[in-house]
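Student: I should like to look closely at one part of this model, beginning with a charged pair. Please explain it in a connected way, with each term defined.

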Amino acid sequence: MHSDMAEWVAAIAEASSVFVALFLPYYNQHVENKRKLRNVKMLIHRMGKRSMNGDEDAMEHLQTILTTAYLKNMNSKTEDVINDGQQILDIINMSEGKPNAEQKKQIRELLKEIDEI
């Protein structure tokens, strides 16, 4: 009876270790993707606000961030963030770096949308 219990415990431990070995990489990748998405959102938000206020360097940084994020696209959420960021950049470029009140409102709405993704 004692050896049966030991065999069951060993089998459960072995099954658990196989489960962890199989699914831990997926979990780690999920956590890493969430971290990268958070960072992309934060950078787009920061550079978008600075660009909206006429900072030309921020416009260049925003373009670089969008291009890099696009090339390293991790998932559909990242793609949504990139699309919103590109819309922000397009608005700023159309206004030649000096968005009017309506354009600033559109940019703020896009930044809010990015926060909600």
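Student: Which side chain does Arg 50 meet in a salt bridge, and at what distance from N to O?

Tutor: The partner is Asp 55: the side chains of Arg 50 and Asp 55 meet in a salt bridge at 2.9 Å, N to O. The term denotes a side-chain nitrogen of Lys or Arg within 4 Å of a carboxyl oxygen of Asp or Glu. Before we go on, please note that this is a predicted model, in which local features need pLDDT of at least 70 and side-chain atom pairs count only at pLDDT 80 or more, while totals for chains, interfaces and linings use all residues. Residues are numbered from 1 along each chain as its sequence is written, and side-chain values use heavy atoms, with hydrogens and water left out.

Arg 50 is partly exposed because its relative accessibility is 36%, and Asp 55 is partly exposed as well, at 24%. (Buried means under 20% relative accessible area, exposed over 50%, and partly exposed in between, with a 1.4 Å probe and protein chains only.)

The structure holds 2 salt bridges. Besides the pair just described, the side chains of Arg 35 and Glu 32 meet in a salt bridge at 2.5 Å, N to O. Both of these residues belong to helix α1, residues 2-52, and they stand 3 residues apart, about one turn of the helix. (Helices are DSSP runs of H or I with at least four residues, strands are runs of E with at least two, and both are numbered from the N terminus.) Arg 35 has a relative accessible area of 35%, so it is partly exposed; Glu 32, at 26%, is also partly exposed.

Helix α1 also contains Lys 36, which is partly exposed at 34%. The C-alpha atoms of Lys 36 and Thr 78 are 8.8 Å apart, although 42 residues separate them along the chain.

Val 18 likewise lies in helix α1, and its 45% relative accessibility makes it partly exposed. This valine belongs to a nonpolar surface patch, whose members include Phe 19, Leu 22, Tyr 26 and Val 31 and which has about 930 Å² of accessible area together. (Patches are made of residues with over 30% relative accessible area and no salt bridge; like charges are joined within 9 Å, and nonpolar side chains, namely Val, Leu, Ile, Met, Phe, Trp and Tyr, within 5 Å.)

A second kind of patch carries negative charge: Glu 79, Asp 80, Glu 102, Glu 109, Glu 113, Asp 115 and Glu 116 gather on the surface. The elements giving two or more residues to this patch are α3 (76-94) and α4 (101-116), and α4 gives the most, with 5 residues. Glu 102 sits in helix α4 and is partly exposed, at 48%.

Gln 103 lies in helix α4 too, but this residue counts as buried because its relative accessibility is 14%. Neighbours within four places in sequence aside, Gln 103 is in contact (heavy atoms within 4.5 Å) with Ile 91, Ser 95 and Lys 98.

Finally, consider Glu 96, in the loop between α3 and α4. Most residues other than glycine have a negative phi. Glu 96, though not a glycine, has a positive phi of about 55 degrees. At 71% relative accessibility, Glu 96 counts as exposed.

How values were computed. Accessible areas come from the Shrake-Rupley method with a 1.4 Å probe; for residues, only the protein chains shown count as cover. Lys and Arg count as positive and Asp and Glu as negative; His and the chain ends are not counted. The place of a charge is taken as NZ of Lys, CZ of Arg, CG of Asp or CD of Glu.
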